[in-house]
Amino acid sequence: LGGGSFEVRADVGEDVCCSGQVGAAAAAAGREASMAAVRERCDLSSNAAATLAASALYDAFATVGLQYGPAFRRVEAAWTGDGCAVGRLHRRRQRQGTKVHPADLDSALQLSVTLSRQRLDTLRLPFAVDAALLSSLVLRRPWAVLEAAGTDATNVSLTDEAGGTSLAQLDGFSTRAVRGDGAARLQHLYVVDWQDSPRQPP
């Protein structure tokens, strides 16, 4: 994979939504993400660690207008410590041609709200990532590891059940609050419009 840059626009001539550079990473570029190391860094074995029910997480999202469907409810269990969180995701049966499925990565990002110092009472959406790394290995039984990076950013890693080097990671992930009432801007893609049909003879 050669180096290069990219831009994403909503349409030709529109403002740039995001931009970045892409290139091959060194073989040892992934973060250490073994469960033993994570438990030690996050002190998840202490009494201060908390278990988070997945249902409570998605209920909280629903209150601010984020309605996740079944395909994106991948968090099975989660634990939070001091500036750190670990989540076990549901085992993926079908990867649909991917090595790291987008829904698994999205579910890892969902856990970033557990590191926020603010209450989840505002709709927040992904805004920026400083760096992203994707391994060529297949992620079968994903675990998400999140660690606070400063006051407003999070480092996110996805590793396999056995742990080790992260197979996918996002450094400096941050979100921004949506201005105004998100629910008021909800628009459906279609409208059901029933019409009478003449009765057909038997």
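**Close-up views of a predicted model**

**Figure 1. Aromatic pairs.** The structure, which is a predicted model, holds four aromatic pairs. In one of them, the ring centres of tyrosine 58 and tyrosine 68 are 5.9 Å apart and the ring planes stand at 70°, so this pair is edge-to-face. Because tyrosine 58 belongs to helix α2 while tyrosine 68 sits in the loop between α2 and β4, the pair ties together parts that are ten residues apart in sequence. Tyrosine 58 and tyrosine 68 are both buried, and ring pairs join them with Phe61 into a cluster made up of Tyr58, Phe61 and Tyr68.

**Figure 2. The tryptophan pair between strands β4 and β8.** The rings of tryptophan 79 and tryptophan 143 have centres 6.1 Å apart and planes at 15°, an angle under the 30 degrees that bounds this class, so the pair is stacked. Tryptophan 79 is part of strand β4 and tryptophan 143 of strand β8 (residues 143-149), so that the pair ties together parts lying 64 residues apart in sequence. The two rings belong to residues with separate accessibility classes: tryptophan 79 is partly exposed, at a relative accessible area of 27%, whereas tryptophan 143 is buried, at a relative accessible area of 11%.

**Figure 3. The buried face of helix α2.** In helix α2, which comprises residues 54-63, the buried residues are Ala54, Leu57, Tyr58 and Phe61. When the helix is seen down its axis, these buried residues fall within an arc of 90°, so they line one face of α2. The elements against which the buried residues of α2 pack are β3 (50-52), β4 (75-80) and α3. Just after α2, the backbone at glycine 65 adopts a positive phi of about 100°.

**Figure 4. The surroundings of serine 107 in helix α3.** Serine 107 is located in helix α3, which covers residues 102-110, and with a relative accessibility of 0% this serine counts as buried. A polar atom of the serine 107 side chain lies 2.9 Å from the backbone oxygen of alanine 103. When residues up to four places away in sequence are not counted, serine 107 touches Tyr58, Phe72, Arg74, Val75 and Leu89; of these contacts, Tyr58 is one of the buried residues of helix α2.

**Figure 5. Arginine 92 and its polar partner.** Arginine 92 lies in the loop that runs between β5 (84-89) and α3. Its relative accessibility is 15%, and because the buried class takes in values under 20%, arginine 92 counts as buried. The side chain of arginine 92 makes a polar contact, at 3.0 Å, with the side chain of aspartate 104. Leaving aside neighbours within four places in sequence, the residues in contact with arginine 92 are Arg74, His101, Ala103, Asp104 and Arg140. Arg74 also appears among the contacts of serine 107, and Ala103 is the residue whose backbone oxygen lies 2.9 Å from a polar atom of the serine 107 side chain.

**Figure 6. Alanine 168 at the start of strand β10.** Alanine 168 is found in strand β10, which spans residues 168-177, and with a relative accessible area of 5% this alanine is buried. The C-alpha atoms of alanine 168 and leucine 158 are separated by 5.1 Å, although the two residues are ten residues apart along the chain. With residues up to four places away in sequence not counted, alanine 168 touches Val100, Leu133, Leu134, Val156, Ser157 and Leu158.

**Figure 7. The β1-β2 hairpin.** Strand β1 (residues 4-9) and strand β2 (residues 16-22) run antiparallel and are joined by six bridges. Within this pairing, cysteine 18 in β2 is the bridge partner of valine 8. The two strands form a hairpin with six residues between them, and in the turn glycine 13 has a positive phi of about 85°.

**Figure 8. The chain as the setting for these views.** The chain has three helices and ten strands, and from the N terminus on its elements follow the order β-β-α-β-α-β-β-α-β-β-β-β-β. Of its 202 residues, 31% count as buried. Among contacts in the chain with a separation of 6 or more, residues 24 or more positions apart account for 61%. The exposed area of the chain is about 13600 Å², of which carbon and sulfur atoms supply 50%.

Conventions: Residues numbered from 1 in each chain as written. Predicted model: local features only at pLDDT ≥ 70, side-chain atom pairs only at ≥ 80, totals over all residues. Heavy atoms only, no water. Helix = DSSP H or I, 4+ residues; strand = E, 2+ residues; numbered from the N terminus. Buried < 20%, exposed > 50% of the residue type's maximum accessible area, 1.4 Å probe, protein only. Polar contact = N/O pair within 3.5 Å; in protein donor to acceptor, adjacent residues only side chain to side chain. Contact = heavy atoms within 4.5 Å. Pairing = 2+ DSSP bridges. Arc of directions from axis to C-beta. Areas by Shrake-Rupley, 256 points an atom, 1.4 Å probe, with all protein chains shown as cover. Phe/Tyr/Trp six-rings, centres within 6.5 Å; stacked < 30°, edge-to-face > 60°.
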